[in-house]
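Biologist: I would like a close look at a single part of this model, taken slowly and with the supporting values given along the way.

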Amino acid sequence: MKIKRLSFKNINSLKGEWQLNFDQEPFLSNGLFAITGPTGAGKTTILDAICLALYHETPRLAISKSQNEVMTRNTAECAAEVEFEVQGKSYRASWSQRRAKNSPLGNLQEMKVELAEVVSGNILASQVKLKKQLVAEITGLDFSRFRKSMLLSQGEFAAFLNAPANDRAELLEELTGTEIYGQISQAVFESHNLAKAELDKLRAKADGVNLLSDEQRAEIVGEQAGVETLVTDLTQQQASLQQQKQWREQLEKAQVGVTEAQTSLANAEQETTAQQPALERLAQAEPAEALRLPFTHLSQANTKLAELEQKQQALQASVISAQTAVADNQLKLHSSQAQLDTSKQQSQAQEILINEQIMPLDNECAQLTKEQLQCQSQQQQQNSELQTTQQSLAALTQTAETAKTTVNACKTYQQQHAQDAQLSMRLPLWQSQIQQCNQQQANVVTLQQQVVTNQQSLQQSLTAQQRLTNNVAANTEREQSMTDAVNQAQQQVSDLLVGDDLAELEQAFNQQSRLQGIVEPLSGLQQRYLTESQEFEANQASMVTLEQQLVGINVEITAKRELFKTKKNELNDVQRLLEQEQKIASLEVLRSQLEVGQACQLCGSTEHPLIAEYQHIADSLTVQRKTQLELNLKQIETDGGELKNRLVEVNTKLEHFNHRNGTLQQQLDSFVAQWQTYNEQLNANLMITDSANTQVFIQQQGMQLALLSQRIQALKTATIQLQHAQQALAEFDKSSAQLQHQIELVNRDVKAARDTEQKLAHETQQQGVVLTELQQTLTHSVTELGLALPEWSQLDHWLVQCQQALQTWDQQAQLLQAANEQYVAAESQLTPLREQLTKLGTAIAQTLETLSSLSDDLTAKQQQRQQLFGQRSVADARQAMQQQLTTAEQAHQACSTQDHTLSNQLYAQQGELTTLQQGLAQQQQESSDCLATWQQALAASVTAYRGKTAFISA
């Protein structure tokens, strides 16, 4: 992970916007740099900004919707954004938070986060949780690991060093990509365990082998000495018999040889008679056989000579072809060299033309074009300024005329409506008087409405008085009914209690519920005890069976060991016997050479009394016996291995059952102790093995709990009914009291309504007299101004008309003043604008003249370039010429390479032809020598052959 760019705003002590670009100098060329500064300068703030942009939190300050300690004081928002690179791909992570109404005192709003790809701009996440997950997946670091590896701020380096070994190792593996070594270590550990298990198995097999004691070894050595003596005697006897056998076999072979020789002689005589013609031909061929070698040499020399001549012809044709190819390629080489020289000359000429004429012309055209554009821009600006000035002049002229017209119209209006000028003093007085009349009229109407309302209220009070009187009579009957209901509910509660108290019943119910909580596990505990007891007994039976099997296997192993020992001794005896027989058989040759009266080669004796008794000793029975014993020993070893495996298997099962029974015994003891605890808590004497009594006890406890629950529920229901009845009676008493109070209030309202009716009639009469006086005063004031007062219902509309007339008079006065000022101002601005318009016309004419001159110069330069270089650009022309030059160089290089290759081939073929010609001359000489030798041999032959055909036939 590589941080490329960081920007943040209003973080801690760094107020405002800040940016750090690590892809620019001086960071780009420095792989290591430090963040330094005094305390509070904002060093850690840079690291906090990175954390905020990536993980929305910092190692030292809290951030949430209700708390933000990183936002700079007296600011309303803060933000952080970081660009980072992982495996060559760039990402951008951002975080921000603001306060409501963009005020430093506003409430904190939800955080806004975003994770996106820098190149494509695709947004990967915009939710807090999803962004954290994606950052952890992309970088391989969550916030905790980022703090311990990438960001160890404010002395937190110890957080990594003091981390547990497993966490530190896992983090280092992910950072360095060395997870494979952990996997290798795990594989080595598993292999070690497998090898160790195999070693333990081999050691167990080795422990099953019993070594012989010293007494057993001494006994076996003694038996071995006796067997060796017996073998020596048997060997001597076997040697004597073997000599006799060999002598007999030699006699039989000699007799068979004589018979075969006689048969072969007769066959040879017959074959000689049959092959007499062939013998005669053979006699003729013997002189020719002496000439075979010279003739063969001559034939081989002639064949080799013909092959060399053929090869010489082919090689000569190849040399001629190679010479032709070399000559043709020389022509191509000269042609490509000429083309290359021509291309170089054209390139040099074109470069001189470009540097000396075209590029200066291009520069001059570019400069003229630039000046032309500047003049055109200046002309457009002058035209725009001219148009603006003309528009301003027309607008000011129109403004002056409009202002003059407005002044005349306003003066005419003031002359026609001179009386409206006094409305500003009279209209407020009229409005006040009309308002007083309206208020007085409203008071009269209000008093009249109060009279009507009071009469209605009086009628309602009389009606309510009659209704309440009727309700008092009905409540007397309801009171008796509610009293009877309360008495009945009290009797039902007394019957359910039967001398007990509800608190005592509930206490008894709670006690029974607690006991029921103890009773419920009894069935499961008993079932587990019975199940594991059965398993314990079954395991005990299996252990007895396995122990019996173990005894039987040990007996079989002991028998196999004894049998192996016996068979091994027997095999050793047979082996020694077989060695003696083989030794006797080795003396059979010497025994067969013994003759009567001749000295023995071994002992020198001339007497051989047992020579007639010597016979061949057959050893096939001993070998078969040895083979059978070896097979028996292998079978015993195989059976012994199987017995050992069975022994190990039985011991393993036995250990398993022992371990399991030990665990079961502990569990059974635990079950019994827990059962005894339950008995003490329940004050019962239940047996854990007696499931029937346990089930009966559980059912009894459940029934008792159900009866108590039903009784308490019925009692609670009756109590609730009693409370409801008592509450209804109390509410009825309260309602009766309220009804009596309402009757008193209604009586008082009736008296008050009658008093109010008399008072309102007097006030209405007085307010009518005041209203008449106000209306007369208003009429007199309006008549004095020469106006007529309308009907009273039209007064509001008349006042509005008066107000509008006054506003129109004021507006006309203001408009007259503004029009006079506008007219004076417009007249003062018209003279400078006319002068400016004249100057702009002169400047535009000069600019047009300059632009025309520049256009003529540019056209001339462009025509000159067109004549010299056409429409081609310098870069395209250089690229085309460079391409042509490169093509010519490549063609010349290819021809040169081919010429070198063809020349080497020609030289090689010419050398090969010279060598072949020398070999051909030698072969011709050798053929001549062979021919002379053949002719000499043919002439010296005892038989005269008529040419080669007669020789070949012979």
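Does R5 count as buried or exposed, and at what relative accessibility? Please set the answer among the salt bridges and the strands around that residue.

Modeller: This is a predicted model, and the values below are computed from it. At 18% relative accessibility, R5 falls under the 20% limit and therefore counts as buried. The side chain of R5 meets that of E83 in a salt bridge, with 3.3 Å from N to O, and this pair links distant parts of the chain, since R5 belongs to strand 1 and E83 to strand 3, 78 residues apart. E83 has a relative accessible area of 17%, so this partner is buried as well. Side chains of opposite charge can pair when their charged atoms come close.

A salt bridge of strand 1 also involves K4, whose side chain meets that of D23 at 3.8 Å, N to O. Here too the pair links distant parts of the chain: K4 is in strand 1 (residues 2–11), whereas D23 sits in the loop between strand 2 (14–21) and helix 1, 19 residues away. The two ends of this bridge are classed apart, because K4 is buried with a relative accessible area of 16%, while D23, at 29% relative accessibility, counts as partly exposed. K4 and D23 are further linked with E85 in a network of salt bridges. By the rule applied here, the count comes to 16 salt bridges.

Turning to the strand that carries E83, strand 3 (residues 77–86) runs antiparallel to strand 4 (residues 89–98), and 10 bridges join them. Within this pairing, F84 has Y91 of strand 4 as its bridge partner. The two strands form a hairpin with two residues between them, and Q87 in the turn has a positive phi of about 55°. Strand 4 in turn pairs with strand 5 (residues 112–117), again in the antiparallel sense, over six bridges, and there the bridge partner of W95 is V113 in strand 5.

For comparison, a salt bridge within one helix is found between E252 and R248, whose closest N and O atoms are 3.5 Å apart. Both residues lie in helix 7 (residues 214–274), four residues apart, which is about one turn of the helix. E252, at 40% relative accessibility, counts as partly exposed, and R248 is likewise partly exposed, with a relative accessible area of 46%, whereas R5 and E83 are both buried.

Technical notes. Residues are numbered from 1 along each chain as its sequence is written. This is a predicted model: local features need pLDDT of at least 70, side-chain atom pairs count only at pLDDT 80 or more; totals for chains, interfaces and linings use all residues. Side-chain values use heavy atoms; hydrogens and water are left out. Two strands pair if DSSP finds at least two bridges between them. A salt bridge is a side-chain nitrogen of Lys or Arg within 4 Å of a carboxyl oxygen of Asp or Glu. Buried means under 20% relative accessible area, exposed over 50%, partly exposed in between (1.4 Å probe, protein chains only).
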